[in-house]
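I opened my notebook to look at how two chains meet. Here is the structure I had in front of me.

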Number of protein chains: 2
Amino acid sequence: MNYLQVLGNNVRSLRIINNLTQEQLADICDLHRTYIGAIERGDRNVSLNNIVKIAETLGVTPAILLTDNEEVSK
Amino acid sequence: MNYLQVLGNNVRSLRIINNLTQEQLADICDLHRTYIGAIERGDRNVSLNNIVKIAETLGVTPAILLTDNEEVSK
C-alpha cells in the first residue's frame, strides 16, 4: 500500500470537510501551500512532526491520517 | 502528546515481542542501528517512508505504531 497516497487522500478529504483551502491549512500549520499540495498528491515523504501538526489542525490523530478508509481511493 | 515518543515506545515494544535486536531490525529495514536507537528514545523526527518500513518489518500498520497504548508509558 502507498501510505504517502493514503495520507494525501485523508488530508485532502479532511481539509475539505473542515472547509479549509490548501493555503489556509498551510498557514495554520506554518507550512507552505505548495508543500500541502504535494502531500495531497502523495508526492512528499512527510516527517512525523509535520503529520502531527496537520492532524491536530484537522482535528484527528496521526493514526487516523494513516488509515486507509477507502479501497477505491481515486 | 509526544508522538515521537509514542512511536519510539511502540517500536521498542514490538521489536522485543518480535525477538529482534536493534541491529537486526535496522538491517532488515536498511537503516542504521543508532538511528533505530534514536527512534526508540523519541529523539528522531522520522519520515513516513521509514515509519512504513519499520511497521512492515514489525508486522503492524503505520497507524498502530502511532497509537498510544499506555497512559503510563515509561
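How many residue pairs are in polar contact between chain A and chain B? I looked this up before anything else, keeping in mind that the model is predicted. The count came to 8 residue pairs, both partners at pLDDT 80 or more.

Next, salt bridges. I found 0 of them across the interface of chain A and chain B.

Which elements carry the chain A side? I noted helix 1 (3–17), helix 4 (48–58) and helix 5 (62–65) of chain A as those that give two or more residues to the side touching chain B. Helix 4 of chain A gives the most, with 4 residues.

I then sorted the residues on that side of chain A by type. They divide into 10 nonpolar, 5 polar and no charged.

On extent, I wrote down that 15 residues of chain A are in contact with 15 residues of chain B. The area buried between the two chains is about 1,300 Å², and carbon and sulfur atoms give 69% of that area.

Last, symmetry. I reminded myself that two copies of a chain are related by a rotation about an axis and a shift along it. Here, a turn of 180° and a shift of 0.0 Å along the axis lay chain A on chain B with an RMSD of 0.0 Å. The two copies are therefore related as by a two-fold rotation axis. I also checked the surfaces in contact: the same surface serves both copies, as 100% of the contact residues of chain A recur in chain B.

Conventions: Residues are numbered from 1 along each chain as its sequence is written. Chains are lettered from A and ligands numbered from 1 in the order in which they are written. This is a predicted model: local features need pLDDT of at least 70, side-chain atom pairs count only at pLDDT 80 or more; totals for chains, interfaces and linings use all residues. Side-chain values use heavy atoms; hydrogens and water are left out. Copies are superposed by least squares on the C-alpha atoms of residues with pLDDT of at least 70 in both. Contact means heavy atoms within 4.5 Å. Buried area is the accessible area (1.4 Å probe) that two parts lose on being put together, summed over both. A salt bridge is a side-chain nitrogen of Lys or Arg within 4 Å of a carboxyl oxygen of Asp or Glu. A polar contact is a pair of N or O atoms within 3.5 Å; within protein, one must be able to donate a hydrogen and the other to accept it, and residues adjacent in sequence count only if both atoms are side-chain atoms. Ala, Val, Leu, Ile, Met, Phe, Trp, Tyr, Cys and Pro count as nonpolar, Asp, Glu, Lys and Arg as charged, and the others, Gly among them, as polar.
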